[in-house]
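Let's walk through this model together, one part after another. Have the sequence and the 3D view ready as you read.

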Amino acid sequence: LPRPVFPGSLCLVTRRCTHRQFLLRPDPETVNAFIYCLAVAAQRHEIDILDVIQMSNHLHEVIYDRLGNAPAFYADFHRLLAKCVNVIRGRWENFFSSEQTSVVRIETIVDLIDRLVYVATNPVKAGLVARVDDWPGVSGLRSLLSGKPLRATRPKYFFSEDGVMPEEVTLQMKWPAELNDRDEVL
């Protein structure tokens, strides 16, 4: 269904795998593909990623959509990720649930803090690990706090070796300059 797009807005984006299957389980190939596809889509559509979590059956992204490109960004990211991981898993059917992607606009700094904590602690709240740092899947928290980027190489499973996709990408969790209180929030 159509929904408004607000340039200059923060959003929490959530997408579930079809039938809640563990298609995003955090093996090394899937972790690499996740980072790669997210970085490529974020760069293409000029989206700032504040935080992200790759759970086994769903994903969350906290994004800043400066230019109003969010729908194109998450469509591109989810398409690339679905095709790539389907190849890794030897699948060809739909990867994500047919439900509409959940996009929740974040209006206040308090809401932003709540969403960042929710995303960062998702594996702990699900009872999968005791500490956030123990989660083997993609988590943007360390990158957001340390400023160190996540890195990935072009997955061998879907992308052509002699194609136009970059051989390696970095994904920096970014704090938008428009939000002045980075240190206070973090």
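**A sheet and its helices**

Welcome to a predicted model. A good place to begin is the open sheet, where 4 strands are arranged in the order β2-β3-β1-β4 with antiparallel pairing. At its edges you will find β2 (48–54) and β4 (102–106), each of which pairs on one side only. From one strand to the next, the twist averages 15°.

Now look at the edge where β2 meets strand β3 (residues 58–65): these two run antiparallel and are joined by 6 bridges. To find one of the partnerships, pick Q54, whose bridge partner in β3 is L59. Helix α1 (residues 28–45) packs on the sheet here, touching β2 and β3. The direction of α1 makes about 160° with that of β2.

Next comes helix α2 (residues 70–89), which lies across β1 (9–16), β2, β3 and β4 and runs at about 150° to β3. Its 20 residues reach 28 Å from the first C-alpha to the last, close to the 28 Å expected at 1.5 Å a residue. How many residues of α2 are buried? The count is 14 of the 20, so α2 is largely enclosed by the rest of the structure. Just after α2 comes G90, which takes a positive phi of about 70°.

Finally, move along the chain to strand β5 (residues 150–153). Which residues make up its covered face? They are L150 and A152, while R151 and T153 form the uncovered one. β5 pairs with strand β6 (residues 168–171) in the antiparallel sense, over 4 bridges. A152, from the covered face of β5, has V169 in β6 as its bridge partner.

Technical notes: Residues are numbered from 1 along each chain as its sequence is written. This is a predicted model: local features need pLDDT of at least 70, side-chain atom pairs count only at pLDDT 80 or more; totals for chains, interfaces and linings use all residues. Side-chain values use heavy atoms; hydrogens and water are left out. The expected span of a helix is 1.5 Å times one less than its number of residues. Buried means under 20% relative accessible area, exposed over 50%, partly exposed in between (1.4 Å probe, protein chains only). Two strands pair if DSSP finds at least two bridges between them. Axes are lines fitted to C-alpha atoms, for helices over the stretch in contact, and angles run from 0 to 180 degrees between N-to-C directions. Contact means heavy atoms within 4.5 Å.
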